[in-house]
Structures are given as structure tokens and as C-alpha cells.
Amino acid sequence: MTGARILIAGSGYVGAPLAARLRNQGHAVWTLRRTPAPDDPHAIAGDLTRPETLSFPDTLTHVLFCAGLQQAAPAEYEALFVDGLRGLLDRLAKDGHSLDRFLLTSTTGLFNVTNGDWVDEDSPSRPVRATAQYYQQAEHQVLAGPFPSTVARLSGLYGPGRSRLLRSVADGTARRHPGTTRYVNHIHRDDAAAALAHLALLPNAQSLYVVTDDEPADRDTLLCWIADRLDRPHPPIAEEKMPLSRGGNKRCSNRRLRASGFACRYPTYREGYASLIETET
Ligand SMILES: NC(=O)c1ccc[n+]([C@@H]2O[C@H](COP(=O)([O-])OP(=O)(O)OC[C@H]3O[C@@H](n4cnc5c(N)ncnc54)[C@H](OP(=O)(O)O)[C@@H]3O)[C@@H](O)[C@H]2O)c1
């Protein structure tokens, strides 16, 4: 498919490379955020929590909601992912856009699993944290909304400029917690952007996909692998017990995403971190 007219609402860490990828595929792409990138010719300044600030090109075919917040209060998540998103859906419908697809980026943080079990699109989502509950509301709104819609539940994004685990090994702050297998579910930024582009234009896409790489990694194994590649000693063992992280302890399956014809360029941390170590250290 070429020649789509695509709006990316919230073009940040994953939204910006997504825009570039779709433009390279020959689509017309507009990006919307509060502080538009100066080098983006089709950037629109707008605040999704203030509908009066929003303006859109005519006859859009796709809207990809990739807006997100860093370290924000639950009320800000509600303003963006509940009220802001509803305002966007209502406005697009009122303006007469008949979209082929509306895609929402959500999070695997909705899977409240702590025992290392596998989860996929058929697993129950029982979010406990307030912010995760607003993501769930966002998913419900989009799937009950006026357009053919798909939710992409992303696992942790890593990549250029976001390599916390790599830096923690390099600066000696990383700590291991042997005895407790803790899984890290993540996907390289560029694979996340590629997967979102794939799902947005996929004929008969399903309503929900888990977007993660092929191999949930045991955290300590990942830290030691990085240390070996950096020619550093394995991180010391922590004195205190490892608290359960925000994401719980689960293994996310990307079987449905792969069955839809998508393949990661960085299928595991070995490929992803090898490229990062080359460029970031
Ligand atoms: N990062 C992860 O590890 C991760 C994991 C799971 C799911 N996700 C989800 O994936 C999506 C993308 O994540 P990301 O890491 O690319 O996020 P990001 O880098 O924080 O980018 C979010 C973008 O949204 C824009 N934005 C925020 N509030 C806005 C508003 N009120 N109006 C218009 N634009 C707004 C921001 O631009 P301005 O500040 O200029 O407005 C920014 O460009 C988010 O929904 C996130 O929750 C991320």
C-alpha cells in the first residue's frame, strides 16, 4: 500500500523514527506534538489535552497515537490517554475523517503477572497501577470508537539514547540478584517503529498485538552478557532483595506479531545491544 495520509499524534522516541520510515515508504505523514521538531517539514504544533489547539490535514487515512509521558502524575495520564484521546476520536469523526485504521500504542504494563508466566493477547489484563489503568481505558475507548482500530502493547523500548542497562554496567551501578529469575521484556526502538508501521498498514489487522522482541531475557544473564562485551567484571551481587519492578515478572510473547508477517531486525538483546555497544560506547 502506498499513498496513505497518516497523522502521528505524539512523535517522540518511537513516533519520530516511525514517521521517517513511513515517509520512506512513500506515504504522506504529519506529526503532531506540543513542541514540533524544527527539522520536520510536516510538523503540527498541538496539545492533545487542549482540543482547541488541534488542527489536522484533510482526508486522513490513518492516525497513530504514539503520545506518551515520562515520570508524570496519574492525572496527566488521565488528561492525555482518557480525555485527550476521546477528544481526538470525537474531533476526527466530527471532521468527517473515515480512517482505514486508528492505532494506539499501549503498554505490556497492563499484564499484572509476577511469577514469570508467559502472556499474550489472550491473557487477562488486570492493571493495578493508576497509570496502567488509564492505558486500559484508552484501549477500550479506541476499540469501541468510530474507526477500525488496533492496539499495540509495547514492551520496554531501548535503543540509541535509551540504554539504561548498558550504562548501569558501564558505570558500575548495575547489581545482580542471583536466585530470582527476573525477566526483561523489551524491543529495540527501530523494531518497535517498524512493527507499528507494519501493523498500521496491515490489511485486516487484528485489534490487539503484543509488540516485543523474540526473547524475554533473564535480567542477570543480560547484565553479564553486556559486561562480557564491555570487557568488564560481572556486576556485583546486591545486598538487598530485588524489589518487584513496575512491569512485574512475566514473559511477553510476540507470536501473533510474527504470525502477521513481521520479523525483528534485533530479535534478541544479543543483536540489539551489540549494535548499541558499537554506537554508544
Ligand atoms: N518508552 C517505553 O519503554 C514504552 C513502553 C511501553 C509503552 N510505551 C508507550 O509507547 C508510546 C511512545 O513512547 P515513547 O517512549 O516514544 O514516548 P516519548 O518519547 O515520551 O514521546 C511521547 C511524545 O508524545 C508527545 N506528547 C506528550 N504529551 C502530549 C500532548 N499533550 N499533546 C501532544 N503531544 C504530546 C511528546 O511531545 P511534546 O512533549 O513535544 O508534546 C513526545 O513527542 C507511549 O504511548 C508510551 O506510553 C512506551
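**Loops, ligand shell and core**

Thr59 is exposed, with a relative accessible area of 53% (exposed means over 50%, buried under 20% and partly exposed in between, with a 1.4 Å probe and protein chains only). The model is predicted, with pLDDT of at least 70 required for local features and 80 or more for side-chain atom pairs, while totals for chains, interfaces and linings use all residues. Residues are numbered from 1 along each chain, and side-chain values use heavy atoms, without hydrogens or water.

Thr59 belongs to the loop that runs between β3 (43-45) and β4 (62-65) (strands are DSSP E runs of at least two residues, helices H or I runs of at least four, numbered from the N terminus). Although Thr59 is not a glycine, its phi is positive, at about 45 degrees. Asn204 likewise is not a glycine and has a positive phi, in this case of about 55 degrees. The loop that holds Asn204 connects α5 (189-200) with β11 (208-211), and at 75% relative accessibility Asn204 counts as exposed.

From these loops we can turn to the ligand, which has 28 residues around it, and of these Arg34, Thr35, Ala67, Tyr135 and Arg162 come nearest (a residue is near if one of its heavy atoms lies within 4 Å). Asp47 places a polar side-chain atom 2.9 Å from a nitrogen atom of the ligand, and a backbone N or O atom of Leu48 is found 2.8 Å from a nitrogen atom of the ligand. At Ser11 the partner is a polar backbone atom, which is 3.4 Å from an oxygen atom of the ligand. Taken alone, the ligand exposes 880 Å², and the protein buries 88% of that area (Shrake-Rupley method, 1.4 Å probe). Among the structural elements, α2 (74-94), β5 (101-107) and β8 (156-158) each give two or more residues to the shell around the ligand, and the largest share, three residues, comes from β5.

Leu48, whose backbone approaches the ligand, also appears in the largest nonpolar core, a group of 34 residues in which Leu48, Phe65, Leu88, Leu92 and Phe102 have the most contacts (a core joins buried Ala, Val, Leu, Ile, Met, Phe, Trp, Tyr and Cys through side-chain atoms within 4.5 Å). Two or more residues of this core come from each of β1 (5-9), β2 (28-33), β4, α2, β5 and α3 (130-143). The largest share, eight residues, is supplied by α2.

A charged side chain can be buried as well, and Arg153 in strand β7 (residues 149-154) is an example, with a relative accessible area of 4% that makes it buried. The side chain of Arg153 is joined to that of Glu139 by a polar contact of 2.8 Å (N or O atoms within 3.5 Å; within protein, a possible donor and acceptor, with sequence neighbours counted only through side-chain atoms).

The cysteines complete the tour, since a search of the whole structure finds zero disulfides (pairs of cysteine sulfur atoms within 2.5 Å). Cys66 is in no disulfide, and the nearest cysteine sulfur, in Cys264, is 17 Å away; at 9% relative accessibility, Cys66 counts as buried. Why is the sulfur of Cys252 not bonded to that of Cys264? Cys264 holds the closest cysteine sulfur, but the separation is 13 Å, which is too far for a bond. Cys252 is buried too, with a relative accessible area of 2%.
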